Amino acid sequence: MPQDPRRVFLFLQGPHGPFFYRLGQMLRTAGAEVWRVGFNAGDRAFWFDRDSYLPFTGTLDMWGDALARLLEDKRVTDVVLYGDTRPIHTEAVRLARARGLTVHVFEEGYMRPYWITYERGGSNGNSRLMQMPLAQIRAHLPPERSEPALPPGTWGDMREHIFYGALYHGFVMFRNRHYRNFTPHRALPASAEFRHYLRRLLGMPAHALERHRATRAVRNGGYPYHLALLQLAHDSAVVCHSPFASQTEFVRLVIEGFVRGAPAHHHLVFKAHPLEDGRTEARRAIRRIAAEHGVAAHVHYIRGGKLARLLDEARSAVTINSTAGQQALWRGIPLKAFGAAVYAHPGLVSGQPLDAFFRDPAPPDGRAYRDFRRYLLSTSQVAGGFYSARARRMLLRRIVDMVLCAQDPYDAIAQATEAPRQQVRLVS
């Protein structure tokens, strides 16, 4: 199908690795013009076409004017980015909206790791989903022809994710002399990021053994337990879309609620994010606060790894706004969420005070969650991944058509589900 030759895509920062470059190649094959702005040597390393690469070497306060000129000079119609909260992307979204351009936002999946998220205009707390009541979502469900897809038990590209993260920050650390004004969107310098990724990669075997032992101890303990789902302290979902200034605040709130509400024989298990690299002292804070409240023997910490084995036997789960909360909802496990999350609808997450939640947690509406999940899988959640070659191939087979589509996924499904109703009204 021929494409409009006036489509001009400007790529900004993407996930670590070659995904953005492969997507740009396919868009160019479809007839579009493609450009990429790079802000450091890591961006440059993974964009292999030098003719379409545009280095930005200025300071952050120069970015807005430079981007405005670039949008005009290249006659850009579409801006593509990964995550919408880092400063360069926030400014890009603002300028693009003011010009009526389409903003394509990629993110890790709301039901990761088997899917990625593709939306327009914003993601997470800025997603259009945040403004959609559950009744509207359910009204636009497509016909249910089969059971919603389940992720395979062995899926994931965590090792490749960590590898590309280490490689990216290695380029920034050792080859960034042409980008001396580059300012990372996170507080840590590139050298520290590189060390964390490298340590995480090298420590995977030892961490896996530690995790296996800790998980087995909890599952074999014979006591009822509640799960607290920790997130990366520097993740945008925590920094931009949560009520907490630090993860330690969340830890303290959860432990105090557990002490007030949970029966004396219950336990509390903090589960770290799979990419936790030790840059924050979550484990130390958990031990200290649990000891302050006299519940150290009832509070546990498990490093990363898969969540399913722990969730299967948990009484409840609490989180700031982790996407892992959806794994609890899928299993019908009561869930309490404190931050902005696309799944935080009444009937899905509990509105109980925390102590009452630990005492007698209200379960989610299973049918409503299945409908919500089916809506996500029919719109913004795309099977595949950014990091492994196999996952990228799967993702690219679908995502290129979605990017080129005139409608965003939510508008497309609304139109498709409303059309039959309009025809019925005309007949009557």
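**Exercise 1. How many of the 6 residues of β2 are buried, and why is this strand described as enclosed or open?**

Solution. The structure is a predicted model, and burial is judged by a relative accessible area under 20%.
Step 1. In β2, 5 of the 6 residues are buried.
Step 2. The strand is therefore largely enclosed by the rest of the structure.
Step 3. The chain reaches β2 from β1 by way of α1, and this β-α-β crossover is right-handed.

**Exercise 2. Identify the strands that pair with β2, and state the sense of each pairing.**

Solution.
Step 1. β2 pairs with β1 in the parallel sense, over 4 bridges. In this pairing Val-8 faces Glu-33 of β2.
Step 2. β2 is also joined to β3 (residues 53-55) by 3 bridges, and these strands run parallel. Here Gly-38 lies opposite Pro-55 of β3.

**Exercise 3. Determine which residues of α1 are buried and what covers them.**

Solution.
Step 1. Helix α1 comprises residues 19-29, and its buried residues are Phe-19, Phe-20, Tyr-21, Leu-23, Gly-24 and Leu-27.
Step 2. An α-helix has 3.6 residues a turn, so residues three or four places apart point the same way. Phe-20, Leu-23, Gly-24 and Leu-27 are among the buried positions to examine with this in mind.
Step 3. The cover over the buried residues includes the strands β1 (8-11), β2 (33-38), β4 (78-82) and β5 (102-108), together with the helix α16 (389-404).
Step 4. After α1 comes Gly-31, which has a positive phi near 110°.

**Exercise 4. Compare the span of α16 with its expected value, then locate its bend and its buried residues.**

Solution.
Step 1. With 16 residues at 1.5 Å a residue, α16 should span 22 Å.
Step 2. Its end C-alpha atoms are 22 Å apart, which agrees with the expected span.
Step 3. The helix nevertheless bends by about 40° at Leu-396.
Step 4. Leu-396 is itself buried, as are Ala-391, Arg-392, Leu-395, Ile-399, Val-400, Met-402, Val-403 and Leu-404.

**Exercise 5. Assess the confidence of the model and the overall character of the protein.**

Solution.
Step 1. The mean pLDDT is 89, and 86% of the residues reach 70 or more.
Step 2. Over residues 420-428, however, the pLDDT is below 50, and this stretch has 2 contacts beyond near neighbours in sequence.
Step 3. The secondary structure amounts to 17 helices and 12 strands.
Step 4. Of the 428 residues, 54% count as buried.
Step 5. Among contacts between residues at least 6 apart in sequence, 71% join residues at least 24 apart.

Terms used
Residues are numbered from 1 along each chain as its sequence is written. This is a predicted model: local features need pLDDT of at least 70, side-chain atom pairs count only at pLDDT 80 or more; totals for chains, interfaces and linings use all residues. Side-chain values use heavy atoms; hydrogens and water are left out. Buried means under 20% relative accessible area, exposed over 50%, partly exposed in between (1.4 Å probe, protein chains only). Helices (H or I, at least four residues) and strands (E, at least two) are DSSP runs, numbered from the N terminus. Contact means heavy atoms within 4.5 Å. Two strands pair if DSSP finds at least two bridges between them. A crossover is right-handed if, with the strands pointing away from the viewer, the path from the first strand over the helix to the second runs clockwise. pLDDT is the predictor's confidence in each residue, from 0 to 100. The expected span of a helix is 1.5 Å times one less than its number of residues. The bend at a residue is the angle between axes fitted to the seven residues ending there and the seven starting there.
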